Amino acid sequence: MQLESRGLGYPGGSDLRRLRVWRFFSSGAVQDAIAGVAIAIAAVPFLGLQSASLWLAFILATAALEGQSRREGHERPGLADLATLARSLAGAGMGLALISVPDPDAAIAGLSVWGAMVVRATVVDYRRPRQLWYRVGPPVAFGTFRQIGIAIEHFRVGEPQLIAADLSILALLLAVFIVVFMTLTERRRTFDRILWEGMAKTRQLEDAQRVAELAEHLAGSGHFRIDQRTLEVSRSTGLLELYEIDPATNGNAYGEIIKLHDPTDQARIQEMFLEVVRSRRPVTLEVRCKLPDGRIKYVLTQCNPELDDAGEVTGIVGVSMDMTEARRRETALSESEARLRLLADNISDIVIWVSAGGRILYASPSAQTLGFTPESLVHRPLVDFIHPEDRARASQLLNRVFEEDNRDVKLTGEFRFLIRRRPDELVWLEGYANAIRDPEGRPRSAVINFRDVTERRTLEEDLRDAKTHAEAAAQAKSEFLANMSHEIRTPLTGVIGFSSLLARVPGLPTVAGTYIRKVIASGETLLAVVNDILDFSKLEAGQVDLDPGPFHLRDFLDEVIDLFAAQAEAKGLRLELQLSDPTPEYLLADRSRVQQVLVNLLSNALKFTEEGSIRVEARYHWNRSVLEISVTDTGVGVSDELLEKLFQRFTQADGSISRRFGGSGLGLSICRQLTELMGGSISARSTPGVGSTFTFDLVAPPAGDVAPAVPAEALEDAQDSLRILVVDDVEANREIVRALLEAVGQQVEEASGGQEAVSLAVRQTFDLILMDLQMPGMDGFATTRAIRQLSPENGTTPIVALSANVLPEHVAEAERAGMNDHIGKPIVPARLIATINRWAGVRVPAESVETQP
């Protein structure tokens with residue numbers, strides 16, 4: 001089938017000129033002027049040239065006046081109608097004048113003028129009533145008056161037989177005029193009605209056309225029609241827009257559309273048209289076309305046959321639609337589905353889609369890890385595959401998923417799932433549920449992502465077991481440290497205590513005094529090792545709490561320096577202190593912990609320096625509220641590669657230092673932990689053979705002016721004589737305490753155990769009770785509670801723990817048992833006396849004593 005397209009033609013120059021000529025001669029004024037020329041020429045033989053010329057001049061003048069009045073942009077309808085009426089009157093008058101001439105030819109000419117006027121008005125102006133009356137009225141009126149005049153003339157001359165004929169002719173003329181007028185009026189009405197209906201249908205068609213064009217534009221479609229007989233093709237604008245063809249530059253637009261397809265698709269299109277004609281049924285075809293700019297577009301076309309009454313195909317109507325975006329989306333969707341399928345096939349998590357009733361709608365292929373095919377899970381309740389003990393929790397999770405107020409709540413749970421063919425084996429799966437909601441926000445289904453956490457649960461169980469074992473080991477370590485501390489401190493109490501008492505005996509030989517001092521120094525060294533181990537253990541467990549308070553910086557440094565003055569002097573070393581200005585007078589920090597770090601650094605400096613000096617330098621950084629203290633010595637020094645090892649626990653620079661100078665290797669590690677606990681740090685720099693500098697800093701804001709405190713070591717004697725009960729199961733300890741207290745004027749009673757202490761407390765009133773904690777039978781805690789409950793005399797007596805149990809938990813437990821203070825063993829005489837002075841004359845309020853076990 002060969003198809004051709006015939007587009008709409010545009011008028012050329014010759015057509016436009018013909019149109020203008022036609023419109024010029026269709027004007028009523030021009031027609032009247034031409035008719036006037038003809039009538040004037042015909043009237044010259046009967047009326048004379050002058051009369052005919054004057055009449056013609058009047059006709060031409062009124063015609064020109066009407067033409068000017070009807071010119072576009074200068075319309076004057078009233079003046080134009082007046083000119084038309086004047087010409088009609090002139091024409092009727094010309095007809096009457098010719099009829100009045102006693103010449104048959106003149107009468108025929110006059111009647112012809114009237115008839116031409118009536119016929120012209122009837123044919124041309126029948127749709128315009130006013131114009132019709134303007135043109136028909138004058139000749140009819142003149143003719144009527146003429147016939148009436150003839151009848152009057154016949155009556156006057158005495159010819160009555162002609163009067164009836166005249167009146168009959170007049171009646172016939174009027175009847176014909178009325179009939180013609182009525183017929184014209186009815187036809188005008190009919191024409192107006194048909195014209196109105198046509199215009200209405202035209203508007204409807206135009207509206208439908210606009211709607212169709214809008215629909216085509218929105219849908220990216222267009223339509224066409226092929227006439228089977230003429231093979232003419234009509235097409236919509238939308239079809240050209242679909243193929244992006246400009247109709248102004250392509251007369252044969254449909255032919256250009258066909259050429260956009262490759263030869264194979266052109267043959268398929270031809271075959272589609274033939275199939276519509278053969279089968280008389282709709283046929284659909286999708287083809288590709290290459291647009292003028294090179295882009296590829298997919299077009300779907302459906303052709304329907306037009307059939308006549310005989311069932312023969314008279315035409316083909318087709319609709320073409322742009323399917324490019326749909327195909328692009330289908331391709332993207334297909335690729336997305338392929339990626340999702342690839343993800344679902346390879347993901348280890350199990351994805352389940354469940355309905356609101358809890359039935360499985362979809363299961364990912366990874367469900368095979370449970371021994372089930374995805375198809376076997378569909379349409380079955382999810383809880384059927386969960387361990388019976390976990391089904392209630394799983395149902396609760398599903399119910400929460402479908403609650404409307406849980407839109408932003410994270411819903412998770414861990415459940416045991418059954419494995420097919422292995423009923424004794426379970427798998428722990430962790431589920432993350434998300435509701436799928438409809439446009440109104442109501443949950444309709446849910447997607448649950450299950451992840452295998454069996455290994456994690458096993459590791460958690462192992463971790464819990466390991467934690468239990470670690471806690472047990474830590475508890476055993478704590479108990480071991482506590483026992484070892486107690487067992488070491490108890491004999492050290494005797495060693496240091498009796499050595500101190502022996503050193504006070506007057507008249508000792510010099511050698512004996514030297515030996516005693518060495519015994520005391522050895523005991524204190526051993527005590528320092530024990531204290532380091534305990535401090536390190538507490539730091540490791542996070543049981544060290546700072547106790548910040550205001551202290552005088554200069555006095556503090558002087559006191560610490562004085563502690564090592566004798567040792568430095570004995571080794572011939574210079575001990576120097578440098579305090580950089582300006583510094584606050586008072587600082588807020590834990591004085592004892594700062595002293596512990598500084599004492600450790602000074603002790604090391606004295607230990608590793610044989611000659612030269614040791615300098616302590618303190619400076620204050622106001623912008624950061626940080627105190628910085630440096631200890632510089634001229635000792636053996638340490639190499640850079642070994643310097644960092646100094647701050648590791650149980651580590652020294654090398655084994656030779658430990659063998660030569662001793663030490664546990666914990667001191668600097670404790671210093672680092674303490675400085676970090678106080679918000680600072682510690683560092684060192686050293687040169688072998690030259691010396692070392694250790695620097696630490698800590699946060700210590702200025703504290704302002706405070707009253708100076710009296711150091712405990714300055715209290716040499718007790719202020720009052722008190723009755724003191726000493727409770728300890730070790731006789732040597734009781735003897736040392738008695739000797740120290742009686743030396744300062746105190747009265748001492750002894751009890752070797754808890755029961756004896758309770759018995760004495762019930763019978764006697766004491767001012768102070770010193771209580772050992774670890775004793776056989778009734779320990780110090782139980783003894784304290786019994787005294788508080790059973791002894792009215794000593795229910796408010798201060799009770800001070802005097803024990804080798806110095807760990808924080810021991811101190812806290814002693815406080816809960818009803819004790820008011822704690823003194824650690826070995827006993828420091830100055831601290832013992834200071835504690836006694838602090839509680840001298842004090843009675844503890846009964847309501848502040850806790851006696852609950």
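Is Cys-289 buried or exposed in this model? Cys-289 counts as buried because its relative accessibility is 2%, where buried means under 20% relative accessible area, exposed over 50% and partly exposed in between (1.4 Å probe, protein chains only). Cys-303 is likewise buried, with a relative accessible area of 0%. The structure holds 0 disulfides, a disulfide being a pair of cysteine sulfur atoms within 2.5 Å.

A word on the model itself is in order. It is predicted, so local features need pLDDT of at least 70 and side-chain atom pairs count only at pLDDT 80 or more, while totals for chains, interfaces and linings use all residues. Residues are numbered from 1 along each chain as its sequence is written, and side-chain values use heavy atoms, with hydrogens and water left out.

The protein chain contains 26 helices and 22 strands, taken as DSSP runs numbered from the N terminus (helices: H or I, at least four residues; strands: E, at least two). Of its 853 residues, 40% are buried. The accessible surface comes to about 47,400 Å², and carbon and sulfur atoms hold 57% of that area; areas come from the Shrake-Rupley method with a 1.4 Å probe, and for residues only the protein chains shown count as cover. Among contacts (heavy atoms within 4.5 Å) with a separation of 6 or more, 61% link residues 24 or more positions apart.

Now to one open sheet, in which 5 strands follow the order S19-S18-S20-S21-S22 with parallel pairing; two strands pair if DSSP finds at least two bridges between them. Strand S19 (747–751) and strand S22 (821–824) stand at the edges with a single partner strand each, so one side of each has no neighbour in the sheet. Neighbouring strands are turned by 20° against each other on average, direction ignored. Parallel strands S20 and S21 are joined by 3 bridges, and Met-771 stands opposite Ala-801 in S21. Helix H23 lies across strand S18 (723–727) and S19, running at about 135° to S19; axes are lines fitted to C-alpha atoms, for helices over the stretch in contact, and angles run from 0 to 180 degrees between N-to-C directions.

Helix H24 (residues 780–790) is mostly covered, with 8 of its 11 residues buried. The buried residues of H24 include Phe-781, Ile-787 and two arginines, Arg-785 and Arg-788. Their cover includes helix H23 (754–763), strand S20 (768–771), strand S21 (799–803) and helix H25 (808–817). At the N-terminal end of H24, Asp-779 acts as a cap, placing a side-chain oxygen 3.3 Å from the backbone nitrogen of Phe-781.

Technical notes: Polar contact = N/O pair within 3.5 Å; in protein donor to acceptor, adjacent residues only side chain to side chain.
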